[in-house]
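Hello,

I am passing a structure on to you, and I hope you enjoy looking through it. Please open it first; my notes follow below.

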Protein chains: 2
Amino acid sequence: VENREHDYRDLLALLHPDTGRAFRVGVTGPPGAGKSTLVDGLAALWAGAGARVGVIAVDPTSPFTGGALLGDRVRMGGLSAHPGVYIRSMATRGSTGGVAAATGDVARVLDAFGFDWLLVETVGVGQIEIEIMNICDSVAVVFVPESGDGIQTLKAGLIEIAQLFVVNKADRPGADQLVTELEHVMAERRNSHAWSYPVLTTEAIHRKGIDRLAAELDRHRMFMQSDNRLAERRCQQALAGLENVLRERLHDYLREEPATDRWLATLSQQIATGEVDVHHAAGLIWQRLRGAEPGSAQEE
Amino acid sequence: VENREHDYRDLLALLHPDTGRAFRVGVTGPPGAGKSTLVDGLAALWAGAGARVGVIAVDPTSPFTGGALLGDRVRMGGLSAHPGVYIRSMATRGSTGGVAAATGDVARVLDAFGFDWLLVETVGVGQIEIEIMNICDSVAVVFVPESGDGIQTLKAGLIEIAQLFVVNKADRPGADQLVTELEHVMAERRNSHAWSYPVLTTEAIHRKGIDRLAAELDRHRMFMQSDNRLAERRCQQALAGLENVLRERLHDYLREEPATDRWLATLSQQIATGEVDVHHAAGLIWQRLRGAEPGSAQEE
């Protein structure tokens, strides 16, 4: 499914009736924030309590992927040994639509396998922040005291996609100040929302604060399961997932049909040399895609 | 053009013959690396030498955008005062395809205005890294000694899209080690490429090392302008730009046509409740997009 090979769509169609049961938690934040150690701690805690936990690591800097080039996959020693935890690391190469669609589908597969919790770990700066929201039911953002620009990043986008905020490596200088700043931002948000947007401190490496984080995630799961919230969110996720899959189709259409591929190469050349404007060229391809005759579209 | 309003496509078509002259430099890297200060220094240096410099800041944490919510635009005092420098800050909200398409188009507009250099500043973690490569002729990645995971990020993707590597805040502990590590990675790369992939140190805030960076960028510009390299790269950029514009068309198609919009809402609901598989739903929409009758597609 991840590699889009064979009859992966048929496979997903078969699995589809068994999906929708796992609660999906996204863990995001800047590189070096300790997301993997937190995910490790959460998975161990839940698995220890008898739950089945699936982990999807979509993070080039994650120890799960070994920070390695192009799909070199390493499993974390501690976790892979636990029978209740399954880890899948994914490369983040390729088009955004493709990565998002593949991540969504891998989450669907693990969901169908009957995991209670799905943890999706990803680097949170840039566009992936929006994608994790479209894949997960709950999103936790992880900061460290050193990320003094955390608040800026937060203001710039993460505030709208996250429901839990974690200051990890909380024994380091600056942690209290960051917590105060986060609390200040959240205070406003709490006034207009039913959810409490907790700000938590952890020392993931010492397994401190993980139990509190797990409890808050469980509280958010119950919150979402009340008042039709989860159903509404999953409807939004479905819409975003649908568009990602359509983007992937568009990409394949442009590459796989030899005539389109050749035409695309010619148009690119003409755009680069200034003969044709990119929007005009896109208009021609769009017409053809919409079913106009190739000849007539080219002559337009 | 940025807001996709009015007849922006006609405007771009009119400007198109005047584009392709500016050399486009992307400056990317993790938040807090000092990208804006570097861009500020480069622009001041070039403008001081008589060049016309355009700056596009696509960075939620940039002081150009004020790190502010949703499109609150602030201009940097020093730069906006210089008559040779024009700054445009852009919000990064919305779909990836949309942001990339809009950034490419804004670059085209500034290009047509006759700027010699275009500096595109963006946060480099996540998918935007690939987009900056598709918009710019030259990409510089900025690290700081604190970003110990810099090498990991580099390995995970930036190495393939950047031609210059900058260790900023080089007076801080750890700078020498980071430079050594980067040099180690580059040594291998230099063997198989004609370009030298320089590793530079700067203290942007003290204006140290900017002249060397400017000289290396100029050297890369000349390198690209030889042996047809720039023409080839711009052809690749055109191809990527074309796909971004087509993604935008797809997005608009899904939202703007009332019948499709309603159908999309129904399908999302059915996916969320488990009645329909996302790939099956995408197949139905794709058929309709390709020109099949709406009725027949729905009944398929």
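What is the handedness of the crossing of α9(A) and α9(B)? The crossing of these two helices is right-handed. Before I go further, please keep in mind that this is a predicted model.

**Where the chains meet through α9**

Let me stay with that pair for a moment. In each of chains A and B, helix α9 covers residues 229–256. The two axes come within 11 Å of each other and cross at roughly 135°. With an angle over 115 but not over 145 degrees counting as oblique, α9(A) and α9(B) are therefore oblique to each other. On the chain A side, the contact is made by A:E243, A:L246, A:R247, A:L250, A:H251, A:L254 and A:R255. On the chain B side, the residues are B:E243, B:L246, B:R247, B:L250, B:H251, B:L254 and B:R255. Sorted by class, this contact has 6 nonpolar, 2 polar and 6 charged residues.

**Chain A as a whole**

It may help to step back here. Chain A has 300 residues, and 58% of them are buried. Its secondary structure comes to 12 helices and 7 strands. If you take the contacts in chain A with a separation of 6 or more, 73% of them join residues 24 or more positions apart. The chain exposes about 12000 Å², and carbon and sulfur atoms supply 51% of that area.

**Two helix pairs to compare with the first**

Two packed helices are described by the angle between their axes and the distance between the axes. The next two pairs can be read in that way.

In chain A, have a look at α2 (residues 35–48) and α8. Their axes come within 10 Å and cross at roughly 75°. An angle from 65 to 115 degrees counts as roughly perpendicular, and α2(A) and α8(A) are therefore roughly perpendicular to each other. From α2(A), the residues that take part are A:L38, A:G41, A:L42, A:L45 and A:W46. They meet A:I210, A:D211, A:L213, A:A214 and A:L217 in α8(A). By class, that contact has 8 nonpolar, 1 polar and 1 charged residues.

In chain B, the pair to find is α10 (residues 258–272) and α11 (residues 278–289). Here the axes come within 10 Å and cross at roughly 165°. An angle over 145 degrees counts as roughly antiparallel, which makes α10(B) roughly antiparallel to α11(B). The crossing of α10(B) and α11(B) is right-handed. On α10(B), the contact residues are B:A259, B:T260, B:W263, B:L264, B:L267 and B:I271. They meet B:V278, B:A281, B:L284, B:I285 and B:R288 on α11(B). This contact has 9 nonpolar, 1 polar and 1 charged residues.

**Two residues with positive phi**

Most residues other than glycine have a negative phi. Two residues of chain A are worth a look with that in mind. A:R207 has a phi near 60° and is found in the loop between β7 (199–201) and α8 (210–225). A:N228 has a phi of about 65°, and its place is the loop between α8 and α9 of chain A. Are these residues buried or exposed? A:R207 counts as partly exposed, because its relative accessibility is 45%. A:N228 is partly exposed too, with a relative accessible area of 49%.

**Three places in chain B**

B:N134 sits in helix α5 (residues 128–135) of chain B. Leaving aside residues up to four places away in sequence, B:N134 touches B:Q237 and B:A240. B:N134 and B:R233 are 99 residues apart in sequence, with 8.6 Å between their C-alpha atoms.

B:Q270 belongs to helix α10 of chain B. B:Q270 is partly exposed, its relative accessible area being 23%. Again leaving aside residues up to four places away in sequence, B:Q270 touches B:E275 and B:V276. B:Q270 and B:D227 are 43 residues apart in sequence and 55 Å apart in space, C-alpha to C-alpha.

Last, B:A49 lies in the loop between α2 (35–48) and β2 (53–58) of chain B. B:A49 counts as exposed, because its relative accessibility is 67%. The C-alpha atoms of B:A49 and B:R255 are separated by 48 Å, with the two positions 206 residues apart along the chain.

Best wishes

Key. Residues numbered from 1 in each chain as written. Chains lettered and ligands numbered in written order. Predicted model: local features only at pLDDT ≥ 70, side-chain atom pairs only at ≥ 80, totals over all residues. Heavy atoms only, no water. Axes fitted to C-alpha atoms, helices over the stretch in contact; angles between N-to-C directions. Helix = DSSP H or I, 4+ residues; strand = E, 2+ residues; numbered from the N terminus. Parallel < 35°, antiparallel > 145°, perpendicular 65-115°, else oblique. Left-handed = near helix turned anticlockwise from the far one by under 90°. Contact = heavy atoms within 4.5 Å. Nonpolar A, V, L, I, M, F, W, Y, C, P; charged D, E, K, R; others polar. Buried < 20%, exposed > 50% of the residue type's maximum accessible area, 1.4 Å probe, protein only. Areas by Shrake-Rupley, 256 points an atom, 1.4 Å probe, with all protein chains shown as cover.
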